[in-house]
Structures are given as C-alpha cells and as structure tokens.
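Hi,

Here's the structure I said I'd pass on to you. Have a look at it first, and then read on for what turned up when I went through it.

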Amino acid sequence: YANITLVAPDDSTIIAYAVADSTGYFKLSTSQTEGKVKVTYLGYKSQEIVVNNNTDLATIYLLKDENMLGEVTVKANRIVRTAKGLTVNVNNTVLGKLGDAKDVLKHIPFVMVKNDDVSVIGKGSPIIYINNRKLLDNDELKQIQSSDIKKIEVITNPGAEYDATVNVVIKIHTSRPVGEGLGGYINEGVDAERNISHYGTASLNYRNGGLDIFGSLKYSRYSYEYNQRLNTHFSDLEVEDTMVVSGKTTPLNCSLGFNYQKKDRLSFGMEYKNLYSPQNYGDLSSYLTAKQRYSEKVNDHRDISNKRHYVNGYFNYNFSEETSIQLNVDYLNLRNKESQDYYADDDVMYTNTNSNNKLYASKLKFVTPMAEGRLNTGFEGSYSQNDNDYRILENTTIDNELSNSKNTAKTGFFSAFVEYERPLGKGLNMSAGGRFEHENFEYIQNGNDDTNTVNNGFYPSVSIAYQSEDINMTLAYRYTTKRPSYRALRSSVAMINPYSYEGILQIQQ
C-alpha cells in the first residue's frame, strides 16, 4: 500500500499514480519518458528517483523513519476493504500524530491533496462529511486535529444513500473529546508556492458533562501566480494568448455552536458558520496575437467579494449498537459581488454581477440489522434558488454582443433510498440498493419562464468486494446522472479576448 507518484521533472505536475499491492508490485501507465518517481509510506522515509526511458527501478527499499515510529503501536488491519471502498483506522496509529485532517488525508490510499483541493484518483473531487455533516469549505479540515480522528472512509462506490451525481465520498469520524472545562488552541501556518500565503485559526470550547459549546475564528491570505498559454483556431484564424495570472484572497471565517451527547445513545447539536470575504481579486496580463490579423496587450482585473451564512442542525438516536436514526437540517445563504475591468489597447469593458443563493435541505436516515446484514433507508429533500443580475457599465467602449441580463434558477428536490449490505463468506461482502429522485426545475431569463421541467429517475447500484492477504478486488455497477451547476446557469459573462467569452452567452439577432 505504498503510494507511488510520477511527476514532471520541472514543475512537479502529477503524471501518473499507483498504489503498490501486498507484494510491493506497482505499474505506472504513461507515455512520458522522463520524470521523478516518488515513493511514500507512512512510518518510512520517502524515496525519490529521477527516471527516463532507460531507467531500471529494480527493487526500491524504504528505510524506517525512527522519529515517526517512536512511541507508536502499529496494529493489524489498519486498512479494511469493503464493497463500497476502504476504511482507514487512524486512532492509536502514527496517522494520529501528523497534525490536522488535511495532513492525514495526504497519506490515505488513492487520495490526493494539493493546496486546498482534495481529489480521489479516477473519481475526481469528493463530497466530504465530518461526523455525517457535509463539509462546505475544505479549510475546515485544518481545524480538526489528527489526534481527534477515529477513522476515515473513502467510498469509491457510493450507494443509493447518496445523490446520483456523486462519484466519491470521504467520511471523517472523530472521537468524542475527553476532559471537561474551558479549552482551546491557536494554529498558524505558512504555505509557499511561488508566493507566500498564510493562515491562522483560534478556537475555544467549554465542556461540562455531555454538553460541548464551541466557537472559532479563522483568517486566510492566499497569494497565487502562474503562467498560461491559450491557443485557439477559428477556421483560418489562429489566436495565441500568453498570460500571467496573479491574485489574492482574504476570507474570514467564524463559527459558533454546541453539541450534546448522552452516553452513546443520544446526540444532537447546531452550528452557525459565517464567511466574509471582502477582497478577492485577480489580475491577468497577456499578449494576444491573432495571426494574419493583429496583436495587442491585454490587462484583465477582477474583484470578487462574498458573504455566506450557514446553519446546520443534527439529531442522532441509537436504539441499540446496530439500530439508529439520523436527521440533518441545513440552511445556506450566499451573496456574491463580482466585477471585471478589461483593458485592450485604448478600449475598455466594465461589468459587474450580483448574485444571491439560498438553500433549504434536510435528510433522514434509518439503519437497522436485517438477515445477517444491515438495511439503510431514508429520505432527502431540498429547495434552492439562485438569482443573478449581470450589468455592462455605461463607460464600456469595446464593441461586443453582450447585454444586461437577469436570471433566476429554482430547484425542488425529493428522493427516497434503500440499501442493503452484508458479508457473503470469507473475504466477500456485498452492497445493493436503489434510489428514486424527483426534481422540479424552473429557469427564468429576463422575466421569461424559459425552462420548467420535471424529472423523475430511478438509480440502482450494486457492488461486491473480495479481500485476502494477496488479493483485493471490487466489482461495482451504479447508474448516475449529471446536472448543471448554478454557476453554469449564471447570466454573467467574462471577456477572455475579442474572440472568446467565459459563461453562458445568448445573442439577440
């Protein structure tokens, strides 16, 4: 289970990735002939090998990292395979001494972490849950200490419990904090990738019996810079755009809430989160060449500010060790303001966009044993509304086909699911289920009801897994769908160059 990554020799871009089997064998499939092979395994010193098309890797030996393994007891079955994916036990292992949850995820098989982005090889970006509460901001991972994590599930075959658009799920389970009284911690960090970024978190909590009252404040200042080249062909016209992109973001997060737990039977709580991001800006400087036509220097400045209010409430009751009921309720309100100042030689274009997003959602789940397995049933419902107002300001001088626009997207969603899991014998286990979804979607453009559709669908799923000392296999089938994001339905349009726009473009003839 060592992680092997092939990266580009110049900028460390990931080219290929593999996980070694129980014998240490791995295979990297790529047409790249040069790079660096990085081999990592928790508790051992990492190995990095420069390779080309003639390099013989032979056998790679890793040396134990005595500093990391000190005072740690390694237990068997740290990684457990299931029909849905794998479970990694963190408690009482060296993983619990790494720092925060993001540091732990870097050492989970198939999980990749780069800056604030978390992805799973072959599956894309995951939906992340912390104690069955959906994560809205990956920055929250830095607020969870690795010593508080009990286990992490990587669900590569999501069953009927999850939306039909979900490809992969990561569930982080934490241990109940011990001790009573007033406590807290302060965490500061610095990242460097071309530019220096820094962040800090301060949290405070009070525990008495089963009651836990908590609050936190977090600031971040991220700075980025990268180069990009865009080549586009339009019939006999070739456009080459060489760009330097830079920017900064300064989000400020705060949270306040409480949890109550009575032994292992009853738990409930509520949390309020606020995000205020007054200054997020980006600058783009490029040299645009339209071959056979002209060349020009372009400067593109964008400002984004947003405010977010989020409230989550939950209620869990365990009738027994294997029978439980879980309820989650969410409310989200997000307001964004975005502006673009585009300069091309002596001409300019000024635009701004105001958007307002609202979400009401709830989920009820019931788990009970049945016929030597486990039955999981439940319901899920939500209502969301997205309003956008896009404006081109009067002092714009660049000729364009764009116009002012307002749009509203409304979605009512209901689903019901049932799923059954059970072991089939030595090393075998299975999962099967189905999910029904009802969606009512309405899209209003400039006061006109352009789209009003009702969609019903049934989405079955089944998976079977086998695990032994030498073999790990999973075979899964799942029927899924794709839905457009609200960002894809926005009325705002950004100008990339005189030949390219970013967004949904409607031209009135």
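The largest cavity holds about 140 Å³ of space. Its lining is made up of 14 residues, and E140, Q143, N253, K273 and R308 are the ones closest to the centre. Sorted by class, that lining comes out as six charged, five polar and three nonpolar residues. If you want to find the walls by strand, try β15 (211–234), β17 (252–262) and β18 (266–290), since each of these supplies at least two of the lining residues. Searching the whole structure gives five cavities of 30 Å³ or more. One thing to keep in mind throughout: this is a predicted model.

**On the surface**

Now turn to the outside. F315, L327, V329, L364, F379, F414, F436 and F458 make up a nonpolar surface patch, and together they have about 700 Å² of accessible area. Take V329 as one of its members. You'll find V329 in strand β20, which covers residues 324–344. Is V329 buried, exposed or partly exposed? It counts as partly exposed, because its relative accessibility is 42% and that class covers whatever falls between under 20% (buried) and over 50% (exposed).

**Salt bridges**

The whole structure has 14 salt bridges. I'll walk you through a few of them.

Start with E48 and K38, whose side chains meet at 4.0 Å, N to O. E48 belongs to strand β4 (residues 47–51) and K38 to strand β3 (residues 35–40), so this pair links distant parts of the chain, with the two positions ten residues apart in the numbering. Both ends are partly exposed: E48 has a relative accessibility of 46%, and K38 has a relative accessible area of 29%.

Next come D103 and K106, which form a salt bridge at 3.9 Å, N to O. D103 is partly exposed, with a relative accessible area of 23%. K106 is partly exposed too, at 43%.

Then there's the bridge between the side chains of E161 and K363, at 3.5 Å, N to O. This pair also links distant parts of the chain: E161 sits in the loop between β11 (149–155) and β12 (169–174), K363 sits in strand β21 (residues 347–370), and they are 202 residues apart. Are E161 and K363 buried or exposed? Both of them are buried.

There's a network to look at as well. K84, R374, E419 and E421 are joined into one by salt bridges that share partners.

**Two backbone angles to check**

Most residues other than glycine have a negative phi. With that in mind, look at F110, where phi is near 75°, a positive value in a residue that isn't glycine. F110 lies in the loop between α2 and β7 (111–114). It is partly exposed, with a relative accessible area of 23%.

E372 also has a positive phi, of about 65°, and it isn't a glycine either. Which loop holds E372? It's the one between β21 and β22 (373–392). With a relative accessible area of 67%, E372 is exposed, as anything over 50% counts that way.

**Two long-range pairs**

Last, a couple of positions to click on if you'd like to see how separate stretches of the chain are placed in space.

T93 is in the loop between β6 (85–89) and α2 (101–105). It is buried, with a relative accessible area of 11%. How far apart are the C-alpha atoms of T93 and S147? They are separated by 9.3 Å, while along the chain the two residues are 54 residues apart.

L86 is found in strand β6. It is buried as well, because its relative accessible area is 3% and the cut-off for buried is under 20%. Its partner here is N157: the two are 71 residues apart in sequence and 10.0 Å apart in space, C-alpha to C-alpha.

That's what I have for now. Shout if anything is unclear.

Cheers

Methods: Residues numbered from 1 in each chain as written. Predicted model: local features only at pLDDT ≥ 70, side-chain atom pairs only at ≥ 80, totals over all residues. Heavy atoms only, no water. 1 Å grid on protein atoms, 1.4 Å probe; cavity = no way out; pocket = protein on both sides within 12 Å on 5 of 7 lines; lining within 4 Å. Points joined across faces, edges and corners; volume = space filled by probe spheres on them. Helix = DSSP H or I, 4+ residues; strand = E, 2+ residues; numbered from the N terminus. Nonpolar A, V, L, I, M, F, W, Y, C, P; charged D, E, K, R; others polar. Patch = residues over 30% accessible without salt bridge, like charges linked within 9 Å, V, L, I, M, F, W, Y side chains within 5 Å. Areas by Shrake-Rupley, 256 points an atom, 1.4 Å probe, with all protein chains shown as cover. Buried < 20%, exposed > 50% of the residue type's maximum accessible area, 1.4 Å probe, protein only.
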